[in-house]
Amino acid sequence: MAQCITDKWSHNFVRHLNLCPWAAGSLENEESMRHHILFLRDLDRTEVEKAVRLAGSELINRIDEGKVSERHGISFVTILPNFDDVESKDPSALSSQAGNLFEYGNFHTMFLELENAFLDEADNAFLDKTDSVSSGDIGSKTIIAAFHPRWTFAGTSSRDAINYEKRSPFPTISIVSSKTIDELTHNDDLTTDESSAAVTVAVAEHNEQVLEKIGGSGLQRLMDGILLHNRKELEE
């Protein structure tokens with residue numbers, strides 16, 4: 001169920017609204033996507049990091065073996081309450097329970113720590129001129145992003161439309177090849193840093209315009225519709 005819901009969210013929300021241009025090619029090709037479900041009783045960074053590293057290593061191996069394009073490969077690690085602790089299998093209730101159990105503030109802090117660890121690995125790989133992920137240090141080859149049912153940017157209200165840029169049915173971490181980002185941000189007229197910054201700003205401006213036009217209430221209806229659709233599928 002969680003895989004199906006995450007899949008529909010990625011297609012019917014992220015892709016439909018074009019919120020993530022570097023994931024567009026991945027989301028158009030189901031063979032490029034991999035889902036990993038992690039069941040936890042509490043937000044254990046060690047377990048989350050292990051799952052993300054395994055998913056990232058698998059992605060890099062698939063790319064190296066030619067099974068998926070480095071431009072299109074994407075993996076999702078979706079975090080759910082342990083089934084023994086699940087109060088309901090209704091998708092909306094499960095999303096709410098996951099958001100409560102894996103509270104946004106703790107999830108965000110944990111993700112920033114994990115992201116910093118990956119960035120440190122990327123820096124070390126650059127300095128050492130290494131290109132190996134055999135040790136599990138995949139920070140030089142992957143980019144990770146976090147999403148949460150109650151994501152709230154600093155200085156915003158929980159109902160503000162911009163927060164839906166990072167909202168998902170369940171706490172989720174996506175993983176793509178760093179070359180996906182490199183190719184998107186490549187511009188012969190700009191340095192790498194300038195190009196990356198320019199693309200980031202352009203994406204942020206586009207997303208803000210799209211999300212504000214729909215509004216927080218409309219975006220929540222879209223998210224509810226994804227969960228409701230899956231509930232109907234379960235009932236049939």
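Helices, as counted here, are DSSP runs of H or I at least four residues long, and strands are runs of E of at least two. On this basis the chain, which is a predicted model, has seven helices and four strands. Their order along the sequence is α-α-β-α-β-α-α-β-β-α-α. Of the 236 residues, 44% count as buried. Among contacts between residues at least 6 apart in sequence, 74% join residues that are at least 24 apart.

The largest nonpolar core comprises 49 residues. The members that touch the most other members are Trp9, Phe13, Val48, Val52, Ile144, Ile173 and Leu211. The surroundings of isoleucine 173 were examined further. With neighbours within four places in sequence left aside, isoleucine 173 is in contact with Val48, Val52 and Ile144, which are also named above, and with Ser75, Phe76, Val77 and Ala145. Its remaining contacts are Phe107, Met110, Phe111 and Leu114.

Val48 and Val52 also take part in the packing of helix H3 against helix H5. Helix H3 spans residues 45-64 and helix H5 spans residues 104-128; their axes are 11 Å apart and meet at an angle of about 45 degrees. H3 is therefore oblique to H5, since an angle that falls outside the ranges for roughly parallel, roughly perpendicular and roughly antiparallel counts as oblique. The crossing of the two helices is right-handed. On the H3 side the contact is made by Arg45, Val48, Glu49, Val52 and Arg53, and on the H5 side by Met110, Glu113, Leu114, Ala117, Phe118 and Glu121. Sorted by class, the contact of H3 with H5 contains six nonpolar and five charged residues, and no polar ones. Met110 and Leu114 of H5 are also among the contacts of isoleucine 173.

Helix H3 also contains leucine 59. This residue has a relative accessible area of 0% and is therefore buried, the cut-off being under 20%. Apart from residues up to four places away in sequence, leucine 59 touches Gly73, Ile74 and Ser75, together with Ile175, Val176 and Ser177. Ser75 is in contact with isoleucine 173 as well. The C-alpha atom of leucine 59 is 8.9 Å from that of threonine 142, a residue 83 places apart from it in sequence.

Threonine 142 is also a contact of serine 178, as are Ser140, Lys141 and Ile143, when neighbours within four places in sequence are not counted. Serine 178 lies in helix H6, residues 178-185. With a relative accessible area of 12%, serine 178 is buried. Serine 178 and lysine 141 are 37 residues apart along the chain, and their C-alpha atoms are separated by 5.2 Å.

Glutamine 97, in helix H4 (residues 91-101), is likewise buried, at 12% relative accessibility. The C-alpha atoms of glutamine 97 and leucine 80 are 8.7 Å apart, with their positions 17 residues apart in sequence counted as separation.

Asparagine 18 was considered for its backbone conformation. Asparagine 18 is found in the loop between helix H1 (2-15) and helix H2 (24-27). Its phi is near 55 degrees, a positive value in a residue other than glycine. Most residues other than glycine have a negative phi. Asparagine 18 counts as partly exposed because its relative accessibility is 33%, and partly exposed residues fall between the 20% limit for buried and the 50% limit for exposed.

How values were computed:
Residues numbered from 1 in each chain as written. Predicted model: local features only at pLDDT ≥ 70, side-chain atom pairs only at ≥ 80, totals over all residues. Heavy atoms only, no water. Core = buried A, V, L, I, M, F, W, Y, C linked by side-chain atoms within 4.5 Å. Buried < 20%, exposed > 50% of the residue type's maximum accessible area, 1.4 Å probe, protein only. Contact = heavy atoms within 4.5 Å. Axes fitted to C-alpha atoms, helices over the stretch in contact; angles between N-to-C directions. Parallel < 35°, antiparallel > 145°, perpendicular 65-115°, else oblique. Left-handed = near helix turned anticlockwise from the far one by under 90°. Nonpolar A, V, L, I, M, F, W, Y, C, P; charged D, E, K, R; others polar.
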